[in-house]
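User: I would like to learn how to read the main features of a protein model. Please take them one at a time.

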Amino acid sequence: MKSTSLLIATKRELPSDAKIISHKLMIRAGLISKSTSGLYLYLPMGLKILQKIEAIIRDEMNKSGAQEVLMPVVQSAKLWQESGRWNKYGKELLRFKDRHDKDFCLGPTNEEVIVDLARQYIRSHKQLPINFYQIQTKFRDEIRPRFGVMRAREFIMKDGYSFHLSTESMQDEFNKMHKTYCRIFERLGLKYYPVLADSGSIGGENSVEFHVLADNGEDKICFSDSSDFIANIEKVALKKPLSVKAPVQQEKKVLTKNKTTIEQIADFLKVAKNICVKVLIIKTKSKFLALALRGDYDINITKVQNLYGDFSFASDDEIKTLGLKKGFIGVKNLNIDLVVDYSASVLSNFVTGANEYDYHLTGVNWNNISFSEEDLRNAVDGDQSPCGKGKLVIKHGIEVGHIFQLDDIYTKPLNAGVIGKNGKQQIMKMGCYGIGISRLIAAIIEQNHDDKGIIFPQIISPFKLIIIPINYNKSHRVKALADDLYNKFINLNIEVLLDDRKERPGVMLTDSELLGIPHRIVISDSHVDNNSVEYKARNQNDKIEIKLNDLFSFIQSKLD
């Protein structure tokens with residue numbers, strides 16, 4: 001293709017709302033354009049990349065024996081009500097009514113729809129196992145869309161679902177999809193890690209996430225420095241540390257006027273944050289709970305949800321109704337149940353709120369305080385690995401894939417069964433497998449860029465080769481050679497872009513690097529005189545002269 005026939009929407013200025021490198025470069029390279037918060041248009045260059053990623057995914061999914069279908073973006077509320085998720089899913093589910101006053105939603109995921117398909121068309125165990133997948137637009141009404149396509153409201157996803165007669169069959173397909181996903185990410189040139197994960201709102205007992213390590217990743221991934229243990233921080237179960245014996249101090253009430261945060265208290269009392277205990281009040285479906293943690297640790301929301309179900313943090317007014325003083329809540333004299341994190345339960349002589357405005361207690365111990373113990377906190381660097389070997393190292397990751405074993409949590413409420421081998425009706429078991437396709441582009445860029453722009457892997461680059469002719473519109477000799485090479489590369493089925501714009505050489509060279517096209521040829525009058533071209537690979541700094549007689553075999557070897 002020639003540049004004058006293609007929308008090249010590169011920008012020099014940095015987008016003001018872009019915080020991470022992939023968002024900045026996707027806007028600057030003209031791959032996407034913002035429509036409104038969390039919604040993006042894919043421009044021609046970006047769409048070519050998207051389609052190449054989809055082709056790789058389709059190829060591997062088809063090889064695995066999965067069958068492609070296409071489900072609607074708009075879904076009936078009746079199916080979600082059958083599964084019990086209509087009211088449970090949360091505000092990310094965009095609900096609306098049609099002209100007949102019937103409830104619908106924009107699909108954030110497709111478990112209900114695919115189970116409805118399965119119960120209509122799969123009647124016998126002889127049809128199992130079976131695996132369906134689609135590549136489709138999803139919509140989740142994110143409260144705070146950010147980071148471009150990394151956390152958008154509308155996104156493109158490959159979601160797949162398998163149906164089985166037995167747990168063993170479900171496990172076999174789960175293992176097959178694990179291998180399939182590894183092949184997909186390897187073909188895309190990604191450095192990725194499969195990690196143990198929490199199943200979240202999708203549900204199910206066993207799940208594995210696929211993460212690409214990147215400084216701007218939203219997830220925290222925990223690695224053991226002495227074993228192959230890897231898990232999302234949400235899934236890291238921490239053990240209770242040993243208690244440290246210390247002489248019991250005298251408990252004192254100390255005036256700490258207007259000191260309401262752990263940082264302020266620790267600084268004011270000249271103590272470390274790790275001997276302070278903070279108390280958070282949560283509201284579950286049935287009651288209020290007080291959760292106590294060491295001052296230097298953060299609560300793990302997923303662990304709390306898994307323990308107590310859906311919850312919210314108590315509001316200021318709710319805290320008042322409990323007789324507590326926000327900013328000065330402590331572990332003593334509570335009229336609600338107290339749950340203490342393991343790390344806090346082994347402390348002695350600690351600091352905590354006095355449950356009285358402007359006062360804290362020092363020298364507090366757990367004697368005569370009623371509480372239960374749980375693992376409530378996030379892991380940190382240096383924690384003991386749950387596997388018992390080594391210490392944890394925490395890095396940031398971008399989740400690009402997630403596979404689940406759902407068992408019958410959707411098929412049972414929707415009564416999706418088949419005639420089993422014994423001739424009786426049997427509820428099917430189910431697996432679920434997702435890849436965030438639009439997020440993959442961002443993840444690839446996060447791992448493949450420099451200060452000049454994107455460095456695309458060849459397999460998904462919008463073009464494999466770019467020809468930059470200097471003075472194309474002024475020098476007949478340069479134009480003739482550029483056009484001749486361009487046509488010959490096309491005849492060799494090489495995806496080539498000829499930059500025939502009336503732009504300065506610096507602009508064309510800058511754009512080629514920003515766009516991340518793997519191979520570049522520059523042609524000038526002096527090159528015509530020498531029967532040569534200048535070649536440069538995007539991922540290397542050196543430029544070399546290639547004779548025309550050697551050019552095609554040289555480029556072909558690079559592409560191979």
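Analyst: What follows goes from the whole chain to its sheets, a pocket, the cysteines and one helix residue. The model is predicted.

User: How many helices and strands does the protein chain have, and what share of its residues is buried?

Analyst: An overall count is a plain place to begin. The secondary structure of the protein chain comprises 14 helices and 31 strands. Of its 560 residues, 53% count as buried. Along the principal axes, the C-alpha atoms occupy a box of roughly 95 × 70 × 55 Å.

User: Next, the sheets. In what order do the strands of the open sheet with strand 14 lie, and which strands stand at its edges?

Analyst: A sheet is read by strand order, then by pairing, then by its edges. Here five strands form an open sheet in the order 16-14-15-17-20, and the pairing is mixed. The edges are strand 16 (312-313) and strand 20 (372-374); each has a single partner strand, so one side of each lacks a neighbour in the sheet.

User: How many bridges join strand 15 to strand 17, and do these strands run parallel or antiparallel?

Analyst: Strand 15 (residues 288-294) and strand 17 (residues 337-341) run parallel and are joined by four bridges. To find the register, look for residues that face each other: Ala-292 stands opposite Val-340 in strand 17.

User: What is the strand order in the open sheet that holds strand 29?

Analyst: The order is 28-27-29-30-31, an open sheet of five strands with mixed pairing. Its edge strands, strand 28 (496-498) and strand 31 (543-547), each pair on one side only. From one strand to the next, the twist averages 25 degrees. Inside this sheet, strand 29 (residues 519-523) and strand 30 (residues 532-537) run antiparallel, with four bridges between them. Arg-520 has Lys-536 of strand 30 opposite.

User: Now a pocket. What is the volume of the second largest pocket, and which residues are closest to its centre?

Analyst: A pocket is read by volume, then by lining. The second largest pocket has a volume of about 460 Å³. It is lined by 24 residues, and those closest to its centre are Thr-260, Lys-278, Val-279, Leu-280 and Gly-327.

User: Which element supplies the largest share of that lining, and how does the lining of the second largest pocket divide by residue type?

Analyst: Strand 14 gives the largest share, five residues. At least two lining residues come from each of helix 6 (262-269), strand 14 (277-283), helix 8 (316-321) and strand 18 (350-356). By type, the lining of this pocket has 13 nonpolar, seven polar and four charged residues.

User: How many disulfides does the structure hold, and why is Cys-182 not in one?

Analyst: The test is the distance between sulfur atoms, with a cut-off of 2.5 Å. The structure holds zero disulfides. For Cys-182, the closest cysteine sulfur is in Cys-432, 17 Å away, which is too far for a bond. For Cys-432, the closest cysteine sulfur is in Cys-105, 16 Å away, again too far for a bond.

User: Are Cys-182 and Cys-432 buried or exposed?

Analyst: Cys-182 has a relative accessible area of 14% and is buried. Cys-432 is also buried, at 5% relative accessibility.

User: Last, where is Gln-51, and why does it count as partly exposed?

Analyst: Gln-51 lies in helix 2 (residues 44-63). Gln-51 counts as partly exposed because its relative accessibility is 43%, and that class runs between 20% and 50%. Sequence separation can be set against distance in space: Gln-51 and Ile-460 are 409 residues apart along the chain, while their C-alpha atoms are separated by 8.6 Å.

Terms used. Residues numbered from 1 in each chain as written. Predicted model: local features only at pLDDT ≥ 70, side-chain atom pairs only at ≥ 80, totals over all residues. Heavy atoms only, no water. 1 Å grid on protein atoms, 1.4 Å probe; cavity = no way out; pocket = protein on both sides within 12 Å on 5 of 7 lines; lining within 4 Å. Points joined across faces, edges and corners; volume = space filled by probe spheres on them. Nonpolar A, V, L, I, M, F, W, Y, C, P; charged D, E, K, R; others polar. Buried < 20%, exposed > 50% of the residue type's maximum accessible area, 1.4 Å probe, protein only. Pairing = 2+ DSSP bridges. Axes fitted to C-alpha atoms, helices over the stretch in contact; angles between N-to-C directions.
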